[in-house]
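Trainee: I have a two-chain model open and would like to learn how to read it. Please take me through it feature by feature.

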Amino acid sequence: MIKLTIDGKTIDVQEGTTVLEAAEEAGIYVPTLCHHPQLTPYGGCRLCMVDIEGARTLQPSCTLPATDGMVVNTQTEKVLNARKFVLTLIFSERNHFCMYCQVSGGDCELQNRAYDEDMTHWDLQPNWQPFEVDASHPYIVLDNNRCILCRRCVRACGELVGNFTLGFEERGANSLLVADYDIPLGESTCISCGTCVQICPTGALIDRQSAYQGKETEVEHHVGVCTECSVGCQRDVLTRDNRLIRIEGEWDADLNNGLLCDQGRFLPLEDDRPRLLTPLVRKDGSLKAATWDEALKAMAKGLGGGKGLAALVSTRLPVEDLALFKSLFADGLDAELVTSLEEGKATASLAKMAEKLGKPFEASLDALKDTGAVLSLELDLVDEHQVAGFFVKRQLQNGTRLFVADSNENRLSRNAKVTLGLKTGGEVQFLSDLLDAIENGSEDKALNETAQVLKEAENPCIIYGEVFAANANEKALETLLTLADKLGAALIGVKGDANSMAAAQLGLEAPFKSNGFKSAFVLLGDEDPSQKLVKALEDVPFVVAQAAYSSQLTGNADVVLPVTMWAEQSGTYLNLDGRLQQAVKSLDAPDGVLTSQETLLKVAESLSIELDPDWKTSLIARVPTVEIREA
Amino acid sequence: MSILDIDERILQVVELVDLRATPITDLKEPDVDGVTVGILEGGINNTYNEEVALRMRERCKILVALGDCAVFGGVPAMRNFCGADAALKRAYVDAESNDSEGFIPSNPELAKMTRVRAVSEVVPVDLHIPGCPPDADIIFYALVELAQGRIPEIKDEKLSWQ
């Protein structure tokens, strides 16, 4: 422990603590700009300067390690004057005129820091050098005129996301934030995760979708889980007057620490699919608007039960909905097939293995945070489950080695040390060969290198996805477990959609083959139906679709029930590494549109079926692939 | 003109002060032998503005810069990024609403345009009240304090640059 005194207050801190962190622990506020809790201290802006007794000059507290007996003052005249001077220099460097800036009035850290110092004006005027604004990106505007050169965005792009798109060119006052080798951001290697926008303290990086639509003080916050995939990032949905304004990653979240991908952050605001607002019933060959009563009657008449009825549910829906769905169709109507739209592809083989073992065998995503080597099996983390991909990519700069084994082209292999061919159906062979290479070495150079590095690496991880889970037979999984055991490796199964694992726990994992079903009920929620599904349902004489958006599937259905979309419902989600998390309602649904829970209860009532609302018991009844815990 | 945003409260202010000169009264310039408080709105955009600022500084014990233009240069200062010539050409010749005979006024009586500056770049300023415009309550507070011989404190909720 280190003992130091800050503003007359003596505190004990751990070795390695910076003066800034020590001040925070002591409850003493030191203003910062370039510093961010999620980033490595940088010491670029000099706003956090403090007076250290015995030091010749003021010192930046963010990079200065606390030492025993140190006496720090944060409120001397020298410090306060330096703060104002630093702010004056920053203001006078570029176009920091607040009256025409999107982030002015609460969202700008530069402005807020100046207000804190009671600055009514600044004494130096800028040199009036204009910089070009880069508006080439679909979601992000990059304006160097507002940049304070703190490099938070550059550091976030590299340290947190591992993408290294942003960087600086030129020096001093001419420093320019650029993408790649100074090409327009929209044509660069940017993956549109938006972390740079979220972390920018000024208006240098703003997002187009929410620009000028509402400041921090004018919006409502709804913190909950992202429902775009099974990683389950925590995010903050900002709304104003029942309108989506912006989505941000939650910095305090253990799992994603503020990160989101384009699918979680930007795409939900681009959704322009036509909304379904009333029930529809097919009359004389065409779908006509109907009342709920008419629609439920038509449904009860055509749906039947038992053999011939197929019931399919989207894994983007909360556990509560999945459980009620199962209760209604499996227990209530005894349907021939009750399954999820994923048909258990990403989970079924793994769930069976867990049952066989009688215990979970997969690890938490946290294992990726301090791993020395990662083997990715038939999994492309560039398009899907991107944030898990960030966890892998950002480790590479710390010496972590990545090995990609895939049958198809894999975009992650760009970052890989070795890319190995893995033939579809050849999983057993591949894993046995690797196991053999680990034990006895191999003639195959690539395989041998993979084996040696994995063997020697600290905390190795093997990560696999839906393709692997769907292709792997019991033997392949057994080999995988032996391999993991041999290496002391953590296994991470990247599942499918947001509640993929919950569906597996509820046993909603049977394959859907259209073999003469007489009727089908599809609870689509806000999911976009696949062409395969649309095709498969064409042979079914009577189809009920419950969906938020109009699609080819609802167009072909006989009864259509409107339902809420992700932002209009609350519920529980089980992510790929077993965290039970809450999604929160952020928007009010349009009049007459119900949540799927409300609808399922209505449907059950119309069919005089009692539903079992207890989902918790059924969720943990089956041995999970990874330990389930409240997050 | 933002001073008029204080509405009928201007009558209370008038009771406290001896209003010597404003742009809308007969007397446009402060007394030669000096006044206590002078308030300047707007940035220093041309040679005439410079003269006004110098005269105000000379004759006012306390000089106040009111509004973002006076404090920072404001919206007109954006022309500093392209220069006065380009701004004039855009406004008088190139603008879509001009006919083909547009020309830049060059009457020698006109003040000469300069770089747009904050008042404090030209003369020392004793009190800055930023805002675009400053909130009426802040203006009223500042005027009442000044009229009673105190220097208003522009901070916390009274400090806003937009």
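**Reading the model**

Mentor: Start with helix α12 of chain A, residues 445–456, which lies across β18, β19 and β20 of chain A. The helix runs at about 120° to β20(A). Keep in mind throughout that this is a predicted model.

Trainee: Which scores does the model carry, and what pLDDT does chain B average?

Mentor: The general caution comes first: where pLDDT is low, the predicted coordinates should not be read in detail. In chain B the average pLDDT is 94, and 100% of the residues score at least 70. The model as a whole scores ipTM 0.93 and pTM 0.93.

Trainee: Back to the sheet under discussion. In what order do the strands of the open sheet in chain A stand?

Mentor: Strands of a sheet pair through backbone hydrogen bonds, either parallel or antiparallel. Here 5 strands of chain A form an open sheet with parallel pairing, in the order β20-β19-β18-β21-β22. The edges are β20 (418–421) and β22 (490–493); each has a single partner strand, so one side of each is left without a neighbour in the sheet. From one strand to the next, the twist averages 20°.

Trainee: How many bridges pair β18 with β19 in chain A?

Mentor: There are 5 bridges between β18 (residues 373–377) and β19 (residues 401–406), in the parallel sense. To find the register, look for A373(A), which stands opposite R401(A) in β19(A).

Trainee: Where can I see an antiparallel pair in chain A?

Mentor: Look at β8 (residues 166–169) and β9 (residues 176–179) of chain A, which run antiparallel and are joined by 4 bridges. In this pair G167(A) is opposite V178(A) in β9(A). The hairpin has 6 residues between the strands, and E170(A) takes a positive phi near 65° there.

Trainee: Which other residues should I check for a positive phi?

Mentor: Two cases, one in each chain, involve a residue other than glycine: R46(A), with phi near 70°, and D156(B), with phi near 50°. R46(A) sits in the loop between α1 (19–25) and β3 (49–52) of chain A. D156(B) is in the segment after α6 of chain B.

Trainee: Is D156(B) buried or exposed?

Mentor: Count the C-beta neighbours inside 10 Å; a residue with 12 or fewer is exposed, and one with 20 or more is buried. D156(B) has 10, so it counts as exposed. R46(A) has 18 and therefore counts as partly exposed. E439(A), in helix α11 (residues 427–440) of chain A, counts as exposed because it has 11.

Trainee: How far is E439(A) from T450(A) in sequence and in space?

Mentor: They are 11 residues apart in sequence and 12 Å apart in space, C-alpha to C-alpha.

Trainee: How is chain A divided into domains?

Mentor: The domain assignment gives domain 1 (2–75), domain 2 (123–270), domain 3 (280–343 + 500–629) and domain 4 (348–493). As an example, take domains 2 and 4 of chain A, whose C-alpha centres lie 32 Å apart. Their contact takes 14 residues from domain 2 and 11 residues from domain 4. On the domain 2 side, 9 residues are nonpolar, 4 polar and 1 charged.

Trainee: Now chain B. How many helices and strands are there?

Mentor: Chain B has 6 helices and 5 strands, which run α-β-β-α-β-α-α-β-α-β-α from the N terminus on. Of its 162 residues, 30% count as buried. Its C-alpha atoms fill a box of roughly 55 × 35 × 30 Å along the principal axes.

Trainee: Where is the cis peptide bond in chain B?

Mentor: It joins C132(B) and P133(B), with omega about -5°. P133(B) lies in the loop between β5 (127–129) and α6 (136–147) of chain B.

Trainee: Last point: how many residues of each chain are in contact with the other?

Mentor: The contact involves 20 residues of chain B and 14 residues of chain A. On the chain B side, α3 (68–72) and α5 (119–122) each supply at least two residues. The largest share, 3 residues, comes from α3(B). By class, that side of chain B has 11 nonpolar, 5 polar and 4 charged residues.

Methods
Residues are numbered from 1 along each chain as its sequence is written. Chains are lettered from A and ligands numbered from 1 in the order in which they are written. This is a predicted model: local features need pLDDT of at least 70, side-chain atom pairs count only at pLDDT 80 or more; totals for chains, interfaces and linings use all residues. Two strands pair if DSSP finds at least two bridges between them. Axes are lines fitted to C-alpha atoms, for helices over the stretch in contact, and angles run from 0 to 180 degrees between N-to-C directions. Two residues are in contact if their C-beta atoms, placed from the backbone, lie within 7 Å. pLDDT is the predictor's confidence in each residue, from 0 to 100. Domain bounds come from an automatic or database domain assignment. Ala, Val, Leu, Ile, Met, Phe, Trp, Tyr, Cys and Pro count as nonpolar, Asp, Glu, Lys and Arg as charged, and the others, Gly among them, as polar.
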